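Opening my notebook on a structure I haven't looked at before. I'll jot down what I look up as I go.

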Amino acid sequence: MAGDVVGRVSGTTGKLRLGTGLSQNQDAIIATKAGVLRNKSHRFWIECHQKRYVPQVEDMVLGVVQEKHAEDAKVELGSAQVAMLPFLAFEGASRKNRPNIQVGSVVYARVVVANKDMEPELVCTAPNGKADGYGILLGGYMTKTTLSLARELLMPDCLILQELGKLLPYEIAVGQNGRVWVNSGSHAHTIFVINAVLNSEYLPPDQLEPMV
């Protein structure tokens with residue numbers, strides 16, 4: 001349950017990583033949400049049964065443009081509300097130089113407003129104002145994942161992405177709203193990467209390399 005002490009840092013060996021649903025208060029590891037405590041390769045997190053994505057400020061998300069208006073677009077994120085993406089929220093955008101965004105476009109964006117009484121607001125720039133990978137994604141294929149797998153894929157040492165990178169070049173964008181976009185040199189390679197990523201969720205680390 002939220003508030004429970006689930007462990008102590010002093011009783012662990014090796015490098016310890018705390019994921020979603022856990023926080024550290026001095027020596028204590030405390031649950032911040034209700035769920036099941038999971039661990040994998042010295043990484044611990046709380047897995048809850050949250051199925052619908054709830055936007056949080058600074059989340060990286062993948063969305064699909066549903067509507068296009070004069071000054072902004074409405075983007076579907078899989079949350080209770082569609083999000084607003086202003087056309088000026090792109091690197092280098094101006095009233096005379098707008099992004100070529102269309103209904104059906106897939107965008108990789110960052111949440112800058114998340115309030116239960118307002119629709120979420122997105123930007124396609126990093127905090128420094130540069131694109132840094134955000135924007136309209138062309139080609140490729142997008143699929144849905146669990147929210148927990150999306151969090152795992154965003155870890156800097158994600159093993160499955162490292163193993164796939166040894167085999168073939170590919171591009172990937174992971175949304176914290178439980179979506180993954182992949183592009184590569186061929187349709188077959190793209191599907192291969194997506195299937196490997198989806199199949200990795202319940203495999204232990206020692207089975208990932210043989211699976212790939």
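I started with Leu85: leaving aside neighbours within four places in sequence, Leu85 is in contact (heavy atoms within 4.5 Å) with Asp72, Ala73, Val75, Phe90, Ile101, Val107, Leu122, Val123 and Cys124. Note to self: this is a predicted model, where local features need pLDDT of at least 70, side-chain atom pairs count only at pLDDT 80 or more, and totals for chains, interfaces and linings use all residues. Residues are numbered from 1 along each chain as its sequence is written, and side-chain values use heavy atoms, with hydrogens and water left out.

Next I checked the largest nonpolar core (buried Ala, Val, Leu, Ile, Met, Phe, Trp, Tyr and Cys residues joined through side-chain atoms within 4.5 Å; buried is under 20% relative accessible area, exposed over 50%, partly exposed in between, with a 1.4 Å probe and protein chains only). Of its 27 residues, Leu85, Ile101 and Leu122 touch the most other members. I see two or more residues coming from each of β7, β8, β9, β10 and β11 (strands are DSSP E runs of at least two residues, helices H or I runs of at least four, numbered from the N terminus). β10 gives the most, 5 residues. Another core of 17 residues lies apart from it, including Leu149 and Ile160.

Then helix α2: I found Ile160, Leu161, Glu163 and Leu164 buried. They cover an arc of only 160 degrees (directions from the helix axis to the C-beta atoms), so they sit on the same side of α2. They pack against α1, β14, α3 and α4.

Last, I looked at Glu58, in the loop between β6 and β7. Glu58 has a positive phi of about 80 degrees although it is not a glycine.
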